[in-house]
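Work through the exercises below with the coordinates open beside you, and try each task before reading the solution that follows it.

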Amino acid sequence: MYDCIVVGAGPAGCAAASRLAKAGVRVLVLEKECLPRYKTCAGAVSRRALRWLDVDFMPVVEDIILKVRIQWANQDAEPVEYQSDTPIAYLVMRSRFDKLLAEQAAAFGAEVHEGEAVKSVQVTEDFVEVRSNRSVYRAEVLIGADGAVGITARQTGLYVPRASGIAFEIEAQLPGGIESWQTTVLVSYGVPEQGYAWLFPKAQLASIGMGTFVPCRRSFLPEFGKFTASLGVDLEKQHLKAHPIPLGGIDRRFCRPRVMLAGDAAGLTDPLSGEGIAHALHSGSLAADHALAALKAGDFSMASYQTAVEEAINYQLRTARRLSAIFYSFPQFFSRLFVVRPEVLQWYFELVQGRREYRDMWDLAKQVLGPSRVFNLGKS
Ligand SMILES: Cc1cc2nc3c(=O)[nH]c(=O)nc-3n(C[C@H](O)[C@H](O)[C@H](O)COP(=O)(O)OP(=O)(O)OC[C@H]3O[C@@H](n4cnc5c(N)ncnc54)[C@H](O)[C@@H]3O)c2cc1C
């Protein structure tokens, strides 16, 4: 019998486990893979994510991003660049980053079982029972942090179908070497619709990908092939990965008695940018705080976690969803706007750095587009 079982040792699960273990709680983390494991992800840890990181992760940082180059596919629009004096994001390989987080949780006292997949979850009035490929465990509380394709949300009745976008990713060597990209990321809008393509440089390789932030779209693999070819990379020769992006900002339940979901399992990815690591760390930390409060009070309803996630994260993602609907519908307009109103980009990257909130972006959109127009467009 544990106080808390955490399913999944990604950023959400490790943030939760670290916080719980630090508070002296008996916590078990079950991770189906052996760490380090590959995770399909561009690995940009935004500067705002740092406030929920309880570890020095500089040893696994591969590059620090100071510049963003934005280009527009299929349009006669000038590329623009945004440069910052302070880091916008830190680029990591998720294999090493997640291993570091799991080691930190273990160092605080969490019991981390790697290579142990959870097969079923049963919630009773008095405890939660978790069956893995090795054993059966019980706990007072369960935190489901098993990502977009995990089982806890499904098995506890909290899964929301058809709420995900999808992204392709490769990690490839660039023909001209990676050096010229250092401190700079490339973001290419216009193709696919409702999404973007990227190049994020790591120490040796580049993460090259393309994602879309609407569910059930037709395949955009040919467009991805064209994008990689424009960088001199033949997609046919690469190890291609695809992964869902569970989009936040919708009405959904994040918990039920004795169970809380965090990170991608809770569908907390930004529907404008696809960013999810910061919200995974944040929601994992919130879940730990609510587990601690529940254990102390002996009240396992978890209802306050719903309100906390809604107010701290999902409320922001609702605004991101409205902005996403506007932004991806009018690429031509925005390609010009970024040139004539550079403060729009500046405010956005200040948000990524944790110096602004989506509320500020919404106010700026109202200023730029007019209040009634932005309201009507953002409703879709
Ligand atoms: C192509 C792509 C690029 C992205 N790029 C970025 C980016 O640059 N920056 C950013 O902030 N976000 C990015 N994201 C989003 C980001 O990857 C996720 O939001 C983030 O990984 C969520 O963390 P998590 O801890 O919730 O889940 P995950 O990182 O998915 O971790 C879940 C863990 O649970 C384990 N697990 C699953 N099932 C079980 C089971 N049954 N039993 C035990 N363990 C289980 C998994 O093995 C995994 O280790 C990207 C996503 C994609 C698809």
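The exercises that follow concern a predicted model, and they deal with helix packing, helix geometry and backbone conformation.

**Exercise 1. Work out how α5 is oriented relative to α6, which residues meet, and what classes these residues belong to.**

Begin with the two segments, which are residues 277–297 for α5 and residues 303–329 for α6. Their axes come within 10 Å and cross at roughly 165°. Angles over 145 degrees count as roughly antiparallel, so α5 is roughly antiparallel to α6. As for handedness, α5 passes α6 in a right-handed crossing.

The next step is to list the contact residues: from α5 they are H279, H282, S283, L286, A287 and H290, and they meet S304, Y305, A308, V309, A312, I313 and L317 of α6. Sorted by class, this contact has eight nonpolar residues, five polar residues and no charged residues.

The loop between α5 and α6 contains M302, whose phi is positive, at about 65°, although this residue is not a glycine. The relative accessibility of M302 is 4%, and M302 therefore counts as buried.

**Exercise 2. Carry out the analysis for α6 and α9, giving the angle, the handedness and the classes of the contact residues.**

Helix α9 covers residues 358–369, and it packs with α6 at an angle of about 30°, the axes being 9 Å apart. Because angles under 35 degrees count as roughly parallel, α6 is roughly parallel to α9. The crossing of these two helices is left-handed.

On the α6 side the contact is formed by Y315, Q316, T319, A320, R322, L323 and I326, while the α9 side supplies Y358, R359, M361, W362, A365 and L369. By class, the contact of α6 with α9 has nine nonpolar, two polar and two charged residues.

**Exercise 3. Check whether the length of α2 agrees or disagrees with the span expected at 1.5 Å a residue, and then describe the surroundings of α2.**

Helix α2 runs over residues 94–108 and has 15 residues. The expected span is 1.5 Å times one less than the number of residues, so α2 should span 21 Å, and this agrees with the 21 Å between its end C-alpha atoms.

For the surroundings, take the buried residues of α2, which are R94, F97, D98, L100, L101, A102 and A105. The elements that cover them include α1, β3, β7, β8 and α5. E103, by contrast, lies in this helix but is partly exposed, because its relative accessible area is 43% and the partly exposed range runs between 20% and 50%. As a long-range reference, the C-alpha atoms of E103 and F349 are separated by 31 Å, with their positions 246 residues apart along the chain. Just after α2, G109 takes a positive phi of about 120°.

**Exercise 4. Determine how many residues of α1 are buried, and what covers them.**

Helix α1 has 12 residues, and the distance from its first C-alpha to its last is 16 Å, close to the 16 Å expected at 1.5 Å a residue. This helix is mostly covered, with 10 of its 12 residues buried; among them are P11, A12, G13, C14 and A15. The cover over these buried residues includes β1, β2, α2, β11 and α5. Just after α1, G24 takes a positive phi of about 85°.

**Exercise 5. Locate the cis peptide bonds that precede P36 and P192, and examine the backbone at Q194.**

Most residues other than glycine have a negative phi, and most peptide bonds are trans. Against that background, consider the bond joining L35 and P36, which is cis with omega about 0°; P36 is placed in the loop between β2 and β3. A cis bond also joins V191 and P192, again with omega about 0°.

P192 is in the loop between β13 and β14, and it is buried, because its relative accessible area is 2%. Its C-alpha atom is separated by 18 Å from that of R69, a residue 123 positions away along the chain. Q194 is also placed in the loop between β13 and β14, and it has a positive phi of about 60° although it is not a glycine. With a relative accessibility of 22%, Q194 counts as partly exposed.

Key:
Residues numbered from 1 in each chain as written. Predicted model: local features only at pLDDT ≥ 70, side-chain atom pairs only at ≥ 80, totals over all residues. Heavy atoms only, no water. Axes fitted to C-alpha atoms, helices over the stretch in contact; angles between N-to-C directions. Helix = DSSP H or I, 4+ residues; strand = E, 2+ residues; numbered from the N terminus. Parallel < 35°, antiparallel > 145°, perpendicular 65-115°, else oblique. Left-handed = near helix turned anticlockwise from the far one by under 90°. Contact = heavy atoms within 4.5 Å. Nonpolar A, V, L, I, M, F, W, Y, C, P; charged D, E, K, R; others polar. Buried < 20%, exposed > 50% of the residue type's maximum accessible area, 1.4 Å probe, protein only.
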